[in-house]
Amino acid sequence: MSVTHTLTGTTPPSEAPPSNHAHYLNTATAAHYLAAGTASIEHWVQVAGPVPQQPYTVTEPSTEALPRGARDVRIRDWTEGAGGQLTLTMPGYTAQPHGLVFTVEANEADGTLLRLDFGALGKPLEVTILDDGMTHAAGLALDGAGFYVESAESFRLSLLAFDIAGASAQLTFQLQAYQAPNSTIYV
């Protein structure tokens with residue numbers, strides 16, 4: 001059997017890699033991808049080239065479906081009054097979406113409530129949170145197919161491990177305090 005090891009195209013990869021460690025080059029942007037597995041499109045990991053996309057940004061409470069390719073998710077809760085809930089419906093990932101990070105600039109007055117809905121996985125969740133001293137400032141809750149993080153402090157939530165082989169989806173996240181860049185302009 002012959003497997004092509006280096007693939008090219010003018011868009012990001014749209015199919016699962018043909019073999020471990022396969023290479024893909026987007027000739028339109030010079031982005032380089034390396035295969036970290038073969039089960040799904042999530043196994044393509046961009047290793048060089050331009051930023052794969054602009055960050056996926058949300059600025060007000062809502063329910064939104066997260067695009068499958070989004071990895072850098074930035075949430076800015078600028079709502080006035082009671083902080084609202086933002087629910088992100090996650091795609092039905094079949095492998096770990098490498099580099100998935102949620103950066104939340106919280107509503108410091110009223111708090112920000114983020115719910116990640118993994119219902120598309122079709123399994124109950126088991127979530128492990130590794131924290132850098134932030135759990136005292138964040139409320140965490142699990143509700144079957146999703147989980148909540150509530151905080152009046154800005155935070156970063158990074159997906160470290162993703163296992164859906166068993167009866168439940170086992171996810172491990174790292175929770176860290178986040179200091180938003182100062183946007184004050186001095187004249």
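Here is a short chat about a predicted model and the words used to describe it.

Me: Why is threonine 172 called buried?
Reply: Buried means under 20% relative accessible area. Threonine 172 comes to 19% relative accessibility, so it counts as buried. You'll find this residue in strand S15.

Me: What makes a residue a contact of threonine 172?
Reply: The cut-off is heavy atoms within 4.5 Å. Setting aside neighbours within four places in sequence, threonine 172 has contacts that include Thr128, Leu130 and Ser158, plus Leu159, Leu160 and Ala161.

Me: What makes the 29 residues a nonpolar core?
Reply: The term asks for buried residues of certain kinds, Leu and Phe among them, joined through side-chain atoms within 4.5 Å. The largest such core here has 29 residues, and Leu88, Phe102 and Leu116 have the most contacts inside it. Strands S8 (85–89), S9 (101–105) and S10 (112–117) are among those that each supply at least two of its residues. There's also a second, separate core of six residues, including Tyr24 and Tyr33.

Me: Which residues does phenylalanine 102 touch, leaving aside its neighbours within four places in sequence?
Reply: Among them are Leu66, Val73, Leu88, Leu116 and Phe173.

Me: Why would nonpolar side chains sit together like that?
Reply: In soluble globular proteins they tend to be buried together.

Me: How do you know what share of the chain is buried?
Reply: A residue goes into that share if its relative accessible area is under 20%. Of the chain's 187 residues, 37% count as buried.

Me: And how many helices and strands are there?
Reply: Zero helices and 15 strands.

How values were computed: Residues are numbered from 1 along each chain as its sequence is written. This is a predicted model: local features need pLDDT of at least 70, side-chain atom pairs count only at pLDDT 80 or more; totals for chains, interfaces and linings use all residues. Side-chain values use heavy atoms; hydrogens and water are left out. Buried means under 20% relative accessible area, exposed over 50%, partly exposed in between (1.4 Å probe, protein chains only). Helices (H or I, at least four residues) and strands (E, at least two) are DSSP runs, numbered from the N terminus.
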